[in-house]
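Student: I would like to check how the labels used for this model are justified. Can we take them one at a time?

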Amino acid sequence: MRRLVPILISIAVLCGCSAARHARSAPAPLIGISAAGTDASRVGQAYIDAVCAAGGVPVIIPILTDSLAVAAILDKVDGVVMIGGEDIDPDFYGEAALPEMGEINARRDTFDLMLARMTVRSRKPLLGICRGLQAVNVAFGGSLWQDIPSQIPDSPICHRVNGPESPFHDVYIKEVSRLAELTASGLTSVNSYHHQAAKDVAKGFVVSATAADGVVEAMERFEGKERVLCVQFHPEKMFAEGDRRFLPLFEWLIAESRK
Ligand code: MN
């Protein structure tokens, strides 16, 4: 171990991770980030940078379908981020696919649903982002809008990119919520890159933010030692673009991961 410590510190410094630079004083929490991909397990750099900026040390959890392997990784990490990606197969919530449904990734569905359940069962904190929110909702018995534009046609909100600009829309954050404690309650704006969303919210979860069309933009679960925060928007991308308003979501995850 004595030999390992300087090596670990050098690796951390090379990675430019601010938290790891303080590794001598307090060990920075290891944050597992669920991978995306089909022929590779990838994590977007913005997620990695946000975890580092909040004081965590990111590690990629590759797409796995072996629950023992997932359990072994979960045993080593202190907290988990689940990231964005493809649509989830509606078979998991008992619906037939609509023609408007997008691409699915069967291996990733298996992985994400398993990771969501196992993380909550392990009592480790979980931050779900975009597909991460949807995977958590489905994993705990909820369902999804398969395609907001066709299923909520009178929605005045554009949740998905259809031009060169990053789309933003207003959301209302409920006053009595962990999300409000971390950021601010009331009206604010968030980015939006999704055409699916939580429909029936899984039992045990509370909706903490909605858009004007009623679409769930955040949900959370705090029961005993279960700590789950999920958002439909992309705080990591906002941070990458210089908007720090939702960095506290990552800071929450790192603070909880120290407990
Ligand atoms: Mn949205």
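Student: What percentage of the residues in the protein chain is buried?

Tutor: Buried residues make up 51% of the 259 in the protein chain. Buried means under 20% relative accessible area, exposed over 50%, and partly exposed in between (1.4 Å probe, protein chains only). This is a predicted model, where local features need pLDDT of at least 70, side-chain atom pairs count only at pLDDT 80 or more, and totals for chains, interfaces and linings use all residues. Residues are numbered from 1 along each chain as its sequence is written, and side-chain values use heavy atoms, with hydrogens and water left out.

Student: What makes H159, H169, S192, H194 and E217 donors of the manganese ion?

Tutor: Donors are N, O and S atoms within 2.8 Å of the metal (3.2 Å for Na, K and Ca); water is not among the atoms, so the site may look incomplete. H159 (ND1), H169 (NE2), S192 (OG), H194 (NE2) and E217 (OE) lie 2.2 to 2.3 Å from the manganese ion, so they qualify. Their spacing along the chain is H-x9-H-x22-S-x1-H-x22-E.

Student: Why is H169 called buried?

Tutor: Its relative accessible area is 7%, and the limit is under 20%, so the label holds. S192, at 0%, is buried too.

Student: How do you know that the length of helix α5 agrees with its number of residues?

Tutor: The expected span is 1.5 Å times one less than the number of residues. For the 16 residues of α5 (106–121) that gives 22 Å, and the end C-alpha atoms are 23 Å apart, which agrees. Helices are DSSP runs of H or I with at least four residues, and strands are runs of E with at least two, numbered from the N terminus. The protein chain has 10 helices and 11 strands.
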